[in-house]
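Student: I'd like to learn how to read a structure like this one. Can we go through it together?

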Amino acid sequence: MKIRIYIILIIVNFSILKLNCQTDKSPEDSLPIDKSVRYGILDNGLTYYIKPLKSANSGLKLRFYVKVGSEQEEAKEIDFAHALEHLAFRETENFPKGLNNTPEILVPLGMDESDIMGNTNNIWTEYFFNIPDNNFSAINVGLKWFKDIADGLVLSKENIDRERGVLMQEYRRDDANRKKLLSEKSLYFQLFPCQRNNEQFKERNKNFSHLELKKFYKKWYRSDLMGVSVVGDIENVESLEKQVKLILSDIKKPLDKPSQSSCDDTYYSSSPNFVVVNFQQDTISTVLGTPVQVNLFFRDPESQKYLESWRGIKLKVKSDLFARILNKRFDAESHNYIKKHNIYSIHTQNLDKSPGALRVTIRAQRGKDEESVESAINILNQVRKYGVLPEELNWAKKEFLANWRLSLTKSENYWISQIRQNFVRGEALPSGKVISLRNFIQELSIEDLNRTATRILSKVPEDIGVIAPKDYTGLFIKEKETRKFIRDNFKNAVIPFEIPNLPKKLLSKTQFDSLPLKGYQKTPSSISGGQIFTLENGIKLFLKPGSSPVKSGNVYLHGFSKDGASSFSEEDYYSAVYSPLLIKHSGIGDMNKFQLKRYLKTTKSLNIDINPYIGFNEAGIKGMVSNDDLEVLMQLIYLYITEPRKDSMAFKDWKISQFKFLEKSKNAINDFIDKQAALTKDYRNLPFGTKRISAIASVDNKKAFEIYNQIFSQAGDFQFIITGDFKSKQVLQLARKYLGNLPNVKNFQQSSGVSTIQSDLPKGPIYQRENLPDLYSSENAYYGFKYIHSETKHTNWREQLKVQALGVVTNRIIKDLRSKDGFSLYSFGVAGNHNRVMNRFEVNFRFSCEPDELSLLKERIYQIIDDIKDAKISPVIFKEGMEKLYGKYETKSQEHPLKIQKRLYRKFRYGEPVIAPEMVKRFLNSITIKDIASIAKKYYRSGNKYELLMIDNMDLKEF
């Protein structure tokens, strides 16, 4: 049950200190825990943290940590820490059916299975229990579950055997990229102590004894390696503390301590390492000429020391700032089309993989590997000799301060992250940490940062890791020659680094002066707080300024036209839909995409940009910016439409970049989605999988620009909706100047006056079997079906909600296929939606499963569907499923400007009524089990079914 957690804070992710690896600590340097956090250690060694946040409005976040991950595993114990994490969701002493499989417990608490999660990495395992409000009973349940995790897992042979298949399914998610992932794993396994290689996972998963896993559990799940945190709107800290002590003090105190060597110390005291990992290329890699990857590691033991003191925190901040600046230099060096290489750097303190080191990775084309490594060393040499420039430090400071803003301390995610860092890695969490770090950064001198740079780069890289195809015969497979090449290049003379010139503005004075304020007409609006304007060139403008109680501080823009790729020939379809991506890759006016990117980084929004698009039956442009950058956004729209840059080199590079993206992101699920879309004539999305190869190959540069210009030069066909925090007068002025001067040329020419794309859905039921692409293999079967019901009206909002309700309830019942029926499932689910583009309602079932379970799985799925039609649905399960929709349409979230904009878009684009959130909520609350059964009978019909099986070309009895 590996859950990827993406924390909102894109901040310095301090420290990678391992268990029992702290060195050079001085007790007098240790900093006390922030006074706002109630902190303590129970007699059994378990640590607890309680952090009240009165401003929090999303309940309580409970976390349980165990300092065990893959680093604690022996060679014969591959994936044991991860397996225990999975088993925490099966049978435990207090929850014999598994806590997330007991809706009768969760639903009365306002929770469902998505509020209970887990994650395992190299050095710790983390369990999540999210409570919607300060509910004493819910806290009690969460703490009892944590207690069970600590010493109450029922690790029977039956439970463990049932989970083997699920673990295998999770492993197989990445089958299409398996060789690449194993290469990286192998590299770290050979370079660093305590790393694990997953090459034997399949064999070990199948054959390990349940007694071995129980032994691992007893060894590492011990109270002195455990911590619990509670963050959120806590009413009574003292009462909660008593509750924690009462329940978790019963965990037995360990009598001994497992021996474990210091992974960091072992690494720093070891001889320099040189590793070459070879892999067999697949078809895509061969076509692209898979690059040689050379990794240089500069050991940085200082970054891992003194974590409990301000000295240690500052060391880590400076190491991270330097790595960011260095990466920015590498990025600037690669700002050209048809690149010979990609170079990037990262400090491993930001990874859960290894001891502290600066990693520099060079991905070079074959035949260009020596030249590319030389380029990387040249940049490193520049820093060695001349240091970091003041302008670079100012940029890094600005980025750091933007992420470490003062309001950070009001964020639950900040405290959860900091508490975890303190417990797992020993990093100090003193009072006023944010303020102190901001002051430190503001006062950080260029001399101080350059001392850090000099320290890290004072030696040639000690450790070198090379990943290359099996037939690679270049210089970098030989250690002696490689080290000599690197040493010699570090002796080369270099000239100082110069920061690339930044464009001062998007429009020249001449361009700006040539755009007059165009006229407009105002018409009445039936929508409260909305204003409608028609500009001189025919553009319709709907403004709804910040009347919402949700203040985002941003402005949201969406312009659209009803002309899309379906108006052109089938031969030109992909030239049409990919043309906006091609233009973004090329740039606008005199600026290529690299120059434009540098300019946009100077704006306050930092990531400000726009997204033009052309879909099946619509084209448009979307953007989001802070109010301060609204004029920049309008100028971008004007230039993207009037001055798209045409560059043959950019076109060639765009094709290469698309293929490279596919090579990195191969996944059988993506190919299944593409094949399902083809079966059901669904043109909503660009290809996700390997179909992208033929799609990209068919794009014609000239035709793409012709279609793009043809669609976007007809301003009178466009309607713009703008919501957010702005003044109408200001936006209207900008719209008159920039949108009002967009061309309105009536030059649209359809191939035949009607859509040339065959989008009529064939009559069901249809069953289709497909082989996996030849480009990779997988032992999984990918199975799914859609129930599709065509709809002639878009305005039936109640029907839309009914279909969504059918989807969430079915999905909740389907979840039991894994937890109760014992199927080996990891990636699976059901969703109901309104496909507006194709004008139909759909309920989509999708499964990735073991081939030998397929027949039984299908039989069980259809039994569930029949039960739903017969209203055989547990009231508790029904309520738990519906909670998903209640949350989605929660009133406050619906008042966000972006949500308001989406509702307005559906009104103006499809004629759907704008329904008040309260009305939606009332209707959802009125839906009953009987209603779900009625909806199921309407949609779950044989004639509505479109079924697909994708599997490797193997003998499998049809079903």
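Student: At what angle do the axes of helix α11 and helix α13 cross?

Tutor: Keep in mind that this is a predicted model. The general idea first: two packed helices are described by the angle between their axes and the distance between the axes. Here, α11 covers residues 310-333 and α13 covers residues 390-403; their axes cross at roughly 115° and come within 10 Å.

Student: What is the handedness of the crossing of α11 and α13?

Tutor: That crossing is right-handed.

Student: Which residues in α11 and α13 meet?

Tutor: On the α11 side, look for V317, L321, R324, I325, K328 and R329. Their partners in α13 are E392, L393, W395, A396, E399 and F400. Sorted by class, this contact has 7 nonpolar residues and 5 charged ones, with no polar residues.

Student: Let's zoom out. How many helices and strands are in the protein?

Tutor: You'll find 34 helices and 25 strands. The radius of gyration is 29 Å, close to the 30 Å that the globule rule gives for 959 residues, so the protein is as compact as a globular protein of that length. If you prefer box dimensions, the C-alpha trace spans about 80 × 75 × 60 Å along its principal axes.

Student: What percentage of the residues count as buried?

Tutor: Of the 959 residues, 58% do. As for the outside, the accessible surface comes to about 40,000 Å², and carbon and sulfur atoms hold 50% of that. You can also ask how far along the chain the partners in a contact lie: taking contacts with a separation of 6 or more, 83% are between residues 24 or more positions apart.

Student: Now the backbone. Which peptide bond is cis, with omega near 0°?

Tutor: Check the one from G764 to P765. P765 is in the loop between α26 (728-737) and β21 (766-771).

Student: And phi? What is the value for D79, and where is this residue?

Tutor: Phi of D79 is near 70°, a positive value in a residue other than glycine. D79 lies in the loop between β3 (60-66) and α1 (80-87).

Student: Why does D79 count as buried?

Tutor: Because its relative accessibility is 15%, and buried means under 20%.

Student: Is K681 buried or partly exposed?

Tutor: K681 is partly exposed, with a relative accessible area of 26%. Its phi is positive too, near 55°, and K681 is not a glycine. Look for K681 in the loop between α23 (668-679) and α24 (691-697).

Methods: Residues numbered from 1 in each chain as written. Predicted model: local features only at pLDDT ≥ 70, side-chain atom pairs only at ≥ 80, totals over all residues. Heavy atoms only, no water. Axes fitted to C-alpha atoms, helices over the stretch in contact; angles between N-to-C directions. Helix = DSSP H or I, 4+ residues; strand = E, 2+ residues; numbered from the N terminus. Left-handed = near helix turned anticlockwise from the far one by under 90°. Contact = heavy atoms within 4.5 Å. Nonpolar A, V, L, I, M, F, W, Y, C, P; charged D, E, K, R; others polar. Rg over C-alpha atoms; globule rule 2.2 N^0.38 Å. Buried < 20%, exposed > 50% of the residue type's maximum accessible area, 1.4 Å probe, protein only. Areas by Shrake-Rupley, 256 points an atom, 1.4 Å probe, with all protein chains shown as cover.
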